[in-house]
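Thanks, everyone, for making the time this morning. I would like to walk you through one model, from the chain as a whole down to a few side chains, so please have the viewer open while I talk.

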Amino acid sequence: MSAAAVEYPCDDAPNLLEEADELSRKLPGYRVEIIGEEITVTPPTDMRHARSLTDLTFAFAGLHSQETWVVQAVGVWLPDGPFDYAVPDLAVVDADFDDHRAEHNCYDPAVFRMVLEVTSSNYGNDLKKKVTAYAIAGIPVYVIADRRNRRVHVLTEPEYGEYRVHAVHPPGESFTLPESVGAPVTLEVNRVLGLG
């Protein structure tokens, strides 16, 4: 008969949040997130990624007002783990988001109307782990600019840890986001993907 190994907690061992902070200090310019209780590190973006975000920021300019802000790289505290947080590329948030600071320079997911990710080297996180994390957080709209597969995913109506509606748009198409982001916004897939 064999016995399972017993693991004792180490009181002086760093927690995931401390480890993420240390990685952030050691890797300036990299994006460090904790999703599903795993640390993810993403290197700085390429020019196509940056151009896509710039185009999107201009496309959402009409939403930036006294009630709604359009922001880049602002952390959202995720409720599905004790230290989980993500830093979406772009977000539409309530203008009073600063009153809803959670932890670790992140904000309560309730102030996020939409999050948008432009895929990069960690595209699997954007297409899988973050879908679940953002749905659990109740973020109403999640847009994924899937550069690898050249399409845009628009996920809406989060319920029970998943998005009930998932629309996929190929290059050449346009789509309109729900008014829940602040107003109807129509985007061209080519611009969202940074294709010109």
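Let me begin with a question: how much accessible surface does the protein chain have, and what percentage of that surface belongs to carbon and sulfur atoms? The accessible surface comes to about 10400 Å², and carbon and sulfur atoms account for 50% of it. Please keep in mind throughout that this is a predicted model, so every value I quote is computed from predicted coordinates.

Staying with the whole chain for a moment, buried residues make up 40% of the 196 residues. The radius of gyration is 18 Å, which agrees with the value near 16 Å that a compact globule of 196 residues would have. Along its principal axes, the C-alpha trace spans about 65 × 35 × 35 Å. If we take the contacts with a separation of 6 or more, 53% of them are between residues 24 or more positions apart.

Turning to secondary structure, the chain has 4 helices and 13 strands, and 6 of the strands form an open sheet with mixed pairing, in the order β3-β6-β8-β9-β10-β11. The edges of this sheet are β3, residues 68–72, and β11, residues 162–169; each has a single partner strand, so one side of each is left without a neighbour in the sheet. From one strand to the next, the twist averages 15°. At the β11 edge, the pairing with β10, residues 151–159, is antiparallel and runs over 7 bridges, and within it H153 has V168 in β11 as its bridge partner.

Two helices pack on this sheet. Helix α2, residues 47–59, touches β3, β6 and β8, and its direction makes about 150° with that of β8. Helix α3, residues 123–137, touches β8, β9, β10 and β11, and its direction makes about 170° with that of β9.

There is also a hairpin to look at, formed by β1 and β2 with 2 residues between them. Strand β1, residues 31–35, runs antiparallel to strand β2, residues 38–42, and 5 bridges join them, with V32 standing opposite V41 in β2. In the turn, G36 has a positive phi of about 65°.

Following the chain onward, we come to D46, which lies in the loop between β2 and α2. Which partners does the side chain of D46 reach? One is the backbone nitrogen of H49, at 2.8 Å, and another is the side chain of R147, with which D46 makes a polar contact at 3.0 Å. D46 is nevertheless partly exposed, since its relative accessible area is 40%. For a sense of distance, the C-alpha atoms of D46 and A86, 40 residues apart along the chain, are separated by 20 Å.

My last stop is T176, placed in strand β12, residues 174–177. Leaving aside neighbours within four places in sequence, T176 is in contact with P184, V185 and T186. With T186 in particular, 10 residues away along the chain, the C-alpha separation is 4.1 Å, and the two side chains make a polar contact at 2.8 Å. Like D46, which is partly exposed, T176 is partly exposed, with a relative accessible area of 47%.

That is where I will stop, and I am happy to go back to any of these views.

Methods
Residues are numbered from 1 along each chain as its sequence is written. This is a predicted model: local features need pLDDT of at least 70, side-chain atom pairs count only at pLDDT 80 or more; totals for chains, interfaces and linings use all residues. Side-chain values use heavy atoms; hydrogens and water are left out. Buried means under 20% relative accessible area, exposed over 50%, partly exposed in between (1.4 Å probe, protein chains only). Contact means heavy atoms within 4.5 Å. A polar contact is a pair of N or O atoms within 3.5 Å; within protein, one must be able to donate a hydrogen and the other to accept it, and residues adjacent in sequence count only if both atoms are side-chain atoms. Two strands pair if DSSP finds at least two bridges between them. The radius of gyration is taken over C-alpha atoms; the globule rule is 2.2 Å times the number of residues to the power 0.38. Accessible areas come from the Shrake-Rupley method with a 1.4 Å probe; for residues, only the protein chains shown count as cover. Axes are lines fitted to C-alpha atoms, for helices over the stretch in contact, and angles run from 0 to 180 degrees between N-to-C directions.
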